[in-house]
Amino acid sequence: VWWQEEAKTQIETIIKMLKHEDITESWWAKHAKGMIFEGPSGTGKTLLAKVIASEINAEVYNIKLTDIQSSALINEGPNNIKELFSFLRKRSKQINKKIIVLLDELDALFKKRNGSVNSSGEDTKIVNTFLSEMSWFEDLEDVIFVGTTNLIETIDEAVIRSGRMSHKIKVDLPDVKALEQI
């Protein structure tokens with residue numbers, strides 16, 4: 001991805017913090033527990049997230065809305081979120097490496113909870129369950145959540161607040177010079 005210089009600089013910093021946690025902890029700094037790649041479709045957001053996983057030799061689990069909410073059954077989405085976190089807690093204790101959970105199309109998974117008539121009760125339950133599970137994030141020291149979206153303004157604010165998925169990396173379309181290089 002040739003044209004994402006700012007995003008690549010931020011990614012390099014994240015990778016260094018993850019590779020050298022002992023040093024960052026000695027400075028009382030913490031690495032990102034969750035980040036969001038934001039930008040238009042086709043800009044390489046998912047690819048950049050996979051670069052982080054590759055560089056730190058992490059296991060990757062790619063989660064999509066259809067994995068969470070595959071049917072119209074009530075409470076299926078929240079139950080799948082609980083199962084995901086249960087699996088991540090168990091898996092992080094079994095292996096001695098980082099786990100990256102790639103949440104593609106974060107805006108479809110975690111829509112704003114605004115209480116309007118148009119909002120789905122199931123959508124609200126999914127967001128609430130995710131937030132509840134994230135409250136026990138200390139159990140998941142080696143798990144990093146990476147979301148991708150092109151509609152960050154539609155994501156519930158609680159999901160992207162500080163301490164959760166607060167690190168935002170902007171990924172833009174290539175300019176004319178970058179298109180020539182490509």
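Is Lys 170 buried, partly exposed or exposed, and at what relative accessibility? The views below come from a predicted model, and the last one returns to this residue.

**View 1. Helix α5 and its surroundings.** Helix α5 runs over residues 76-94. Its 19 residues should span 27 Å at 1.5 Å a residue, and the end C-alpha atoms are indeed 27 Å apart, so the two values agree. Look for the buried residues of this helix, among them Ile 81, Leu 84, Phe 85 and Leu 88, along with Glu 76 and Arg 89. The elements covering the buried residues of α5 include strands β2 (59-63), β3 (99-103) and β4 (143-149), as well as helices α4 (65-68) and α7 (121-134).

**View 2. A salt bridge from β2 to α5.** Here the side chains of Glu 59 and Arg 91 meet, with N to O at 2.5 Å. The pair links distant parts of the chain, since Glu 59 sits in strand β2 and Arg 91 in helix α5, 32 residues apart. Glu 59 is buried at 16% relative accessibility, whereas Arg 91 is partly exposed at 22%.

**View 3. A salt bridge between two loops.** Arg 113 and Asp 156 form this salt bridge, their closest N and O atoms lying 2.7 Å apart. Arg 113 belongs to the loop between α6 (106-109) and α7, and Asp 156 to the loop between β4 and β5 (167-170), so the contact ties together parts 43 residues apart in sequence. Asp 156 is buried at 3% relative accessibility; Arg 113 is partly exposed at 34%.

**View 4. The salt bridge of Lys 170 and Asp 172.** These side chains meet at 3.9 Å, N to O. Back to our opening question: Lys 170 counts as partly exposed, at 41% relative accessibility. Asp 172 is partly exposed too, at 37%.

How values were computed
Residues are numbered from 1 along each chain as its sequence is written. This is a predicted model: local features need pLDDT of at least 70, side-chain atom pairs count only at pLDDT 80 or more; totals for chains, interfaces and linings use all residues. Side-chain values use heavy atoms; hydrogens and water are left out. Helices (H or I, at least four residues) and strands (E, at least two) are DSSP runs, numbered from the N terminus. The expected span of a helix is 1.5 Å times one less than its number of residues. Buried means under 20% relative accessible area, exposed over 50%, partly exposed in between (1.4 Å probe, protein chains only). Contact means heavy atoms within 4.5 Å. A salt bridge is a side-chain nitrogen of Lys or Arg within 4 Å of a carboxyl oxygen of Asp or Glu.
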